[in-house]
Amino acid sequence: MSKIEPTNPQAEADRGRVALWVAPDDLAWLARHCCCPDDATEEVKERCGRIRFRAGAALHKSGHAS
Ligand SMILES: [Zn+2]
């Protein structure tokens, strides 16, 4: 498993990212959930994968990963 760097709030803000507060069970759902249709574009699939990956990483960092 890859090491997850601690979040640096300023570095994230510099990338234009914003914080999102989510309950762990919602985060777990988000990490697993893909509702891309079969004909989704690569852009949509990449965005979905990126969001689910970050949800999973956040879940691990929070110590709530199962
Ligand atoms: Zn998807």
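Q: Is D25 buried or exposed, going by its C-beta neighbours inside 10 Å?
A: Let's start in helix α2, where D25 lies. This is a predicted model, and in it D25 has 10 C-beta neighbours inside 10 Å. A residue with 12 or fewer such neighbours falls in the exposed class, so D25 counts as exposed.

Q: How far apart are the C-alpha atoms of D25 and H64?
A: Along the chain, D25 and H64 stand 39 residues apart. In space, the separation of their C-alpha atoms is 8.6 Å.

Q: What order do the elements of the protein chain follow from the N terminus on?
A: Happily, this one is quick to work out, as the protein chain has three helices and zero strands. Read from the N terminus, the order is therefore α-α-α.

Q: Which helix has the highest mean confidence in the protein chain?
A: Across the protein chain the average pLDDT is 89, and 89% of the residues score at least 70. Among the helices, confidence is lowest in α1 (residues 9-14), with a mean of 91. The highest value, 95, belongs to helix α2.

Q: At what angle do α2 and α3 pack?
A: The axes of these two helices lie 8 Å apart, and α2 passes α3 in a left-handed crossing. Their packing angle is about 145°.

Q: How many nonpolar residues has the contact of α2 with α3?
A: From α2 come P24, L27, A28, L30 and A31, which meet R52, A55, G56, A58, L59 and S62 of α3. Sorted by class, this contact has one charged residue and two polar ones. The nonpolar residues number eight.

Q: Is A55 buried or exposed, given its C-beta neighbours inside 10 Å?
A: A55 sits in helix α3, and it has 20 C-beta neighbours inside 10 Å. The buried class begins at 20, so A55 counts as buried.

Q: Which residues does A55 touch, not counting those up to four places away in sequence?
A: A good place to look is the α2 side of the helix pair, since A55 is one of the α3 residues that meet α2. Leaving out residues up to four places away in sequence, A55 touches L27, L30 and A31.

Q: What is the distance between the C-alpha atoms of S62 and P24?
A: S62 lies in helix α3 (residues 42-62) and, with 11 C-beta neighbours inside 10 Å, counts as exposed. In sequence, S62 and P24 are 38 residues apart. From C-alpha to C-alpha, they are separated by 8.2 Å.

Q: How far does α3 reach from its first C-alpha to its last?
A: Helix α3 has 21 residues. At 1.5 Å a residue, the expected span is 30 Å. The reach in the model is close to that, at 30 Å.

Q: Which residue takes a positive phi just after α3?
A: The place to look is just past the end of α3, whose residues are 42-62. There, a phi of about 80° is taken by G63.

Methods. Residues are numbered from 1 along each chain as its sequence is written. This is a predicted model: local features need pLDDT of at least 70, side-chain atom pairs count only at pLDDT 80 or more; totals for chains, interfaces and linings use all residues. Helices (H or I, at least four residues) and strands (E, at least two) are DSSP runs, numbered from the N terminus. pLDDT is the predictor's confidence in each residue, from 0 to 100. Axes are lines fitted to C-alpha atoms, for helices over the stretch in contact, and angles run from 0 to 180 degrees between N-to-C directions. A crossing is left-handed if the near helix is turned anticlockwise from the far one by less than a right angle, and right-handed if clockwise. Two residues are in contact if their C-beta atoms, placed from the backbone, lie within 7 Å. Ala, Val, Leu, Ile, Met, Phe, Trp, Tyr, Cys and Pro count as nonpolar, Asp, Glu, Lys and Arg as charged, and the others, Gly among them, as polar. The expected span of a helix is 1.5 Å times one less than its number of residues.
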